[in-house]
There are 2 protein chains.
Amino acid sequence: MKKKIIVQKFGGSSVANAERVKHVAKRVVATKREGNDVVVVVSALGDTTDELLQLADQITSSPCERELDMLMATGEQISVALLAMAIHELGEQAISLTGAQIGVLTEGTHTKAKLVDISPKRIQTLLNQGNIVIAAGFQGVNINQDITTLGRGGSDLSAVALAKVLKADVCEIFTDVEGVYTADPRIVSTARKMEAIKYDEMLELASVGAQVMQARSIFVAKRYGIPIHVRSSFSKKEGTMISDSANAMESMMVSGVALRKDEAKITVRDVPDKPGMAAKLFQELAVADVNVDMIVQNTSREGATDLSFTVENGDLPKTLRVTRATSKKIGAGEVTTDEGVAKISIVGIGMQSQSGVAAKVFKVMAKEKINIEMISTSEIKISCVIRRETAEKAVRILHQAFGLSKAPTKKSTAKKKTVKRK
Amino acid sequence: MKKKIIVQKFGGSSVANAERVKHVAKRVVATKREGNDVVVVVSALGDTTDELLQLADQITSSPCERELDMLMATGEQISVALLAMAIHELGEQAISLTGAQIGVLTEGTHTKAKLVDISPKRIQTLLNQGNIVIAAGFQGVNINQDITTLGRGGSDLSAVALAKVLKADVCEIFTDVEGVYTADPRIVSTARKMEAIKYDEMLELASVGAQVMQARSIFVAKRYGIPIHVRSSFSKKEGTMISDSANAMESMMVSGVALRKDEAKITVRDVPDKPGMAAKLFQELAVADVNVDMIVQNTSREGATDLSFTVENGDLPKTLRVTRATSKKIGAGEVTTDEGVAKISIVGIGMQSQSGVAAKVFKVMAKEKINIEMISTSEIKISCVIRRETAEKAVRILHQAFGLSKAPTKKSTAKKKTVKRK
């Protein structure tokens with residue numbers, strides 16, 4: 001039987017201290033002793049990243065990003081070395097590698113570099129020699145051998161990309177939750193862990209605030225068909241499989257409800273209804289590195305239109321500065337903001353083929369007198385901006401209305417097998 | 001006028017916290033603004049090394065040395081990044097480099113690798129572009145790109161070696177003392193800072209416990225004729241120049257008195273007087289990585305001899321184990337130890353040409369009833385093992401007897417110019 005190659009990724013909370021590092025080592029060694037080749041990707045130890053940022057902050061309020069990457073990359077270098085030691089202690093061979101040593105080539109700006117390529121050669125050789133390979137996540141080097149970091153969710157991306165180049169059988173993402181839920185269990189007590197979910201659904205859930213994984217890693221996994229297993233570092237239970245293989249979820253109309261509470265809404269009044277006005281604004285925002293989330297533009301009235309969009313609350317001051325300046329330039333009117341909003345989204349592959357989901361969402365919300373301020377839809381997602389104070393209630397009623405606490409029935413499981421899609 | 005290239009090395013206490021890093025940055029920027037090209041070598045921030053070792057210790061009592069190097073190297077990586085940020089804050093261009101990025105090639109065992117070569121190319125290019133280059137001391141890579149560290153005094157060695165390959169005009173070693181003293185000022189209140197000292201004198205002083213610099217770096221500096229300026233991080237005063245150029249010290253019979261208090265003496269009785277017996281013992285000790293300091297063997301009596309040697313107190317348990325086993329093998333007698341000793345040494349280039357120094361040492365010690373247990377001499381050094389409780393007194397009386405608190409006289413300064421040596 002061919003040996004399986006398994007990539008396991010452990011986040012910062014899984015390696016927060018020496019005890020947890022030892023725990024992770026046991027988990028890794030157990031996987032190895034089941035007869036698999038194991039590559040482990042680790043993030044920085046719990047608080048390390050914050051401590052390093054504090055150090056930088058004592059020196060300067062505007063650190064150069066190249067040096068910030070140099071500094072931050074030490075976090076993962078510490079955790080890979082410690083994990084290798086902990087694995088040796090359990091009697092297995094292990095070797096740690098930095099991003100530079102692996103050959104994680106990146107391009108683009110420091111602190112949010114783009115992954116270009118990973119050379120599998122050294123890791124492959126080390127695996128063949130019987131080693132468990134411990135790879136520093138989140139980091140790489142650019143063509144000048146300068147250390148770069150991959151930005152938010154970078155370690156997940158490292159893991160998925162390694163799984164791709166090593167042709168791994170599965171990429172296991174260990175977190176402090178047991179998998180992907182139909183809604184946040186802290187908000188909805190009957191939220192259910194999904195056994196399986198499609199890449200596209202997970203993509204939509206990730207982008208609307210299911211904290212489990214960042215969208216960029218799921219995107220890469222989908223592109224190369226890498227099965228991802230999201231599971232708990234603290235239990236042996238199976239978590240949630242993310243893949244495109246047939247699964248019981250397929251026939252579910254809606255698979256999950258996600259909430260993003262840290263949103264702010266910006267409205268620009270009286271934008272001249274000429275081509276290129278919106279483009280101008282959003283390009284300026286992109287240059288300023290603001291991640292614009294939802295954009296809604298109404299039909300114009302008297303040659304002008306109102307344009308609304310949302311951003312993360314943290315980005316609001318920067319966003320306002322840029323928006324006000326651009327608004328003046330393009331001859332638009334007043335710029336107003338609203339920090340009291342949240343975004344709720346329901347996601348499901350099944351929406352593609354079943355009508356009436358949007359109608360049902362609006363009806364359920366209306367019944368509970370929850371006012372919808374903005375609406376945006378994709379093929380498999382409906383997002384609504386609502387008042388923040390009504391957000392949790394909205395999650396609960398939608399979760400119930402779509403029957404998400406019940407596991408998929410036998411009938412739907414049988415049905416999925418005949419459904420052919422993609 | 002040709003631009004000077006200056007290498008500046010700052011130890012861990014000079015960069016113990018953010019305030020000190022900023023202070024170092026000012027110092028570096030001042031040197032740059034005097035019109036020099038500046039390369040800075042930094043050690044890890046004050047306590048970082050200890051903190052990292054503690055982390056490792058929580059995982060295992062016997063960490064793999066490759067992984068220990070991986071872990072420890074993060075210390076310097078943090079300090080170079082922070083120093084670069086602090087220099088940017090002062091408006092100068094600076095760029096930090098790890099050992100791997102510089103191309104510090106090493107060989108030999110992890111945690112005490114030997115420096116093979118440094119490629120000056122990238123640093124040279126960066127200097128030409130107007131950058132201050134911040135190099136991580138203490139670290140390099142081996143031929144497999146595995147991170148290595150250079151062991152004790154490694155950052156000094158990095159600085160001296162960089163000065164060599166860059167053809168620097170001077171290598172400045174910043175410490176928390178103002179230079180090299182004729183004796184430890186904490187023991188001898190009249191101890192005097194020397195303006196200049198020869199490499200060989202400094203080598204002997206370093207090897208007998210003047211804590212300023214490790215012998216290995218001075219050895220490299222001597223070999224390539226690199227002038228070293230030992231000076232204080234906390235004052236602008238000139239420190240001590242180490243070089244082979246003519247200086248006022250030359251005609252001084254004795255230039256300094258050094259003390260090493262943490263010595264232990266081991267005596268092996270009745271070693272068979274046959275070739276290879278001592279070799280056998282010291283080879284075993286070398287394999288066990290014990291650094292043997294002084295060795296004294298008396299003329300044999302009745303086909304056997306007593307062999308005594310000293311080691312650092314910390315190495316005593318290991319030394320005893322190896323010595324007892326070897327003693328049995330070679331048919332020697334009892335092994336005894338004495339932990340209550342210290343080694344006092346007087347050093348001076350002048351000894352080479354002036355007789356009577358040893359006699360004077362013995363006479364001065366005898367007068368104060370200080371018993372000498374072992375004696376060892378080199379061309380420019382006399383070392384004596386004495387009881388530890390008499391050690392500080394011995395330093396004081398020898399310092400006085402050789403008139404070390406007085407600066408070299410005009411006469412001796414004039415004289416030096418006619419003296420030709422080497």
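This briefing describes the fold, the chain pairing and selected local features of the structure above. The model is predicted. Chain A contains 13 helices and 18 strands, and its domain assignment gives domain 1 (5–176) and domain 2 (257–401). Chain B is in contact with chain A through 28 residues on each chain, and the two copies are related by a two-fold axis.

**Overall form of chain A**

- The C-alpha atoms of chain A fill a box of roughly 75 × 60 × 35 Å along the principal axes.
- The radius of gyration of chain A is 23 Å, which agrees with the value near 22 Å that a compact globule of 422 residues would have.
- Of the 422 residues in chain A, 48% are buried.
- Among contacts in chain A between residues at least 6 apart in sequence, 76% join residues at least 24 apart.

**Domains of chain A**

- Domain 1 of chain A spans residues 5–176, and domain 2 of chain A spans residues 257–401.
- The centres of these two domains, taken over C-alpha atoms, are separated by 36 Å.

**Contact between the chains**

- On the chain B side, 28 residues are in contact with 28 residues of chain A.
- Four helices of chain B each supply at least two residues to the side that touches chain A: H1 (18–33), H2 (48–59), H3 (65–89) and H4 (99–102).
- H3(B) gives the most to this side, with 14 residues.
- By residue class, the side of chain B that touches chain A divides into 17 nonpolar, 8 polar and 3 charged residues.

**Symmetry of the two copies**

- A turn of 179 degrees with a shift of 0.1 Å along the axis lays chain B on chain A with an RMSD of 0.2 Å.
- This is the relation of a two-fold axis.
- B:Thr74 comes closest to the rotation axis of the residues of chain B, with its C-alpha at 2.5 Å.
- The same surface serves both copies, since 100% of the contact residues of chain B recur in chain A.

**Residues with positive phi in chain A**

- Most residues other than glycine have a negative phi.
- A:Phe138, although not a glycine, has a positive phi of about 75 degrees.
- A:Phe138 lies in the loop between strand E6 (132–136) and strand E7 (139–141) of chain A.
- A:Phe138 has 28 other C-beta atoms within 10 Å and therefore counts as buried, the cut-off being 20 or more.
- A:Lys369 is likewise not a glycine and has a positive phi of about 60 degrees.
- The loop that holds A:Lys369 runs between helix H11 (357–367) and strand E17 (372–378) of chain A.
- A:Lys369 has 7 C-beta neighbours inside 10 Å, so it counts as exposed, the cut-off being 12 or fewer.

**A strand pair in chain B**

- Strand E17 (residues 372–378) and strand E18 (residues 381–387) of chain B run antiparallel and are joined by 6 bridges.
- Within this pair, B:Thr377 has B:Ile382 in E18(B) as its bridge partner.
- E17(B) and E18(B) form a hairpin, with 2 residues between them.

Key:
Residues numbered from 1 in each chain as written. Chains lettered and ligands numbered in written order. Predicted model: local features only at pLDDT ≥ 70, side-chain atom pairs only at ≥ 80, totals over all residues. Rg over C-alpha atoms; globule rule 2.2 N^0.38 Å. Contact = placed C-beta atoms within 7 Å. Nonpolar A, V, L, I, M, F, W, Y, C, P; charged D, E, K, R; others polar. Least-squares fit on C-alpha atoms with pLDDT ≥ 70 in both. Domains from an automatic or database assignment. Pairing = 2+ DSSP bridges.
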